[in-house]
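Student: Could you take me through a close look at the ligand site and what surrounds it?

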Amino acid sequence: MGDQDLPGVLVSGFEGPSGICKDHVGELQKYFNLITVQDLLENKTQVGPKIQAVYIWNRKPAIDQELLQSLPALKIVANAGAGLDHLDLKLIASFGVKVANTPQAVSSPTADMGMALLLAAARRVVEGHQLATSPDTKNFSTNWLGQEVTGSTLGIIGMGSIGYKVAQRARAFEMNILYHNRKRRKSEEEEAVGATYCERLDDLLQRSDFVMLAMSLTPQTQRLIGRRELRLMKPTAILVNIGRGLLVDQDALVEALQTGVIGAAALDVSYPEPLPRDHPLLKLKNVTLTPHIGSATHQARWQMMENLIGSILASLNGLPIPNEVLLK
Ligand SMILES: O=CC(=O)O
């Protein structure tokens, strides 16, 4: 534990992949007394009442009824990231606790990641790397053909801040851009990136060479891309997912990739994460997988931490909370 006079903030831990970012601990300790879940478990009655905020990093710690009941002084749950599918917002609100997240910090790096995956899958970068570094040079070839990005059509599903930044980037690659979203963007916003609205998802799927999933996971978007939707796509189409694994029916995706229903997939997200090591997606050459690293840059992660510090301090001081998540 840190300085006992500072406000108590619960963090998942300091160690391992689910701990908070190691480089951030010193900065956080300038403002807060960091209390780990382990500290809380070991001494619930003494530690629980000191905790005024929960700092969620890598979707940890999980917030459930039992945890909320053990934190009587809790004011805010501060979540690193844009997605909120791991939080029960109604439950948290029922305890009078606020929620904040960090949407601005993640949108550019996640859009960059979407383009990185799109380009990698189109130009078969991972397979190419394996070929170029293989001890056996007999297959080394410059007849290593992929899909042309310039002039192709990108369909973006989910035109929030991440989707829009993808469109800005895709425009520089001279792509034709279609998008589908719950709400149509203003015409000036469409014109600024040259994006055409597709009211029908099916239209977008049929017309796109690349389909990029950039929406959040909700009960309405869960498994939005299933067997039927994959069959609407072109047999050469490349599906890129920078949203959440559950946006796609993964079994249907495996089948589509194995049988040539679509060309390839590039996924930053899956379910579960990580995939079991014997999962069929891991065996397919036409799959590029990364470990949910959309926002994983030094700059974005530092900004996320600074934003969360700001939101926690504002809530503890009774000020308007930057990036507060309001219940719809
Ligand atoms: O997954 C990343 C995020 O929710 O920002």
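Tutor: Happily! Let's begin with a term: a polar contact is a pair of N or O atoms within 3.5 Å; within protein, one must be able to donate a hydrogen and the other to accept it, and residues adjacent in sequence count only if both atoms are side-chain atoms. A polar side-chain atom of H292 fits that distance, lying 2.6 Å from an oxygen atom of the ligand. The model is predicted, so local features need pLDDT of at least 70 and side-chain atom pairs count only at pLDDT 80 or more, while totals for chains, interfaces and linings use all residues. Residues are numbered from 1 along each chain as its sequence is written, and side-chain values use heavy atoms, with hydrogens and water left out.

The backbone takes part as well: an N or O atom of A82 is 2.6 Å from a ligand oxygen, and a polar backbone atom of G83 lies 2.7 Å from an oxygen atom of the ligand. Taken alone, the ligand exposes 190 Å², of which the protein buries 81% (Shrake-Rupley method, 1.4 Å probe).

Around the ligand (a heavy atom within 4 Å) stand G81, A82, G83, V106, R244 and H292. By class, this shell has 2 nonpolar, 3 polar and 1 charged, where Ala, Val, Leu, Ile, Met, Phe, Trp, Tyr, Cys and Pro count as nonpolar, Asp, Glu, Lys and Arg as charged, and the others, Gly among them, as polar.

R244 has another partner: its side chain meets that of D85 in a salt bridge at 2.9 Å, N to O (a side-chain nitrogen of Lys or Arg within 4 Å of a carboxyl oxygen of Asp or Glu).
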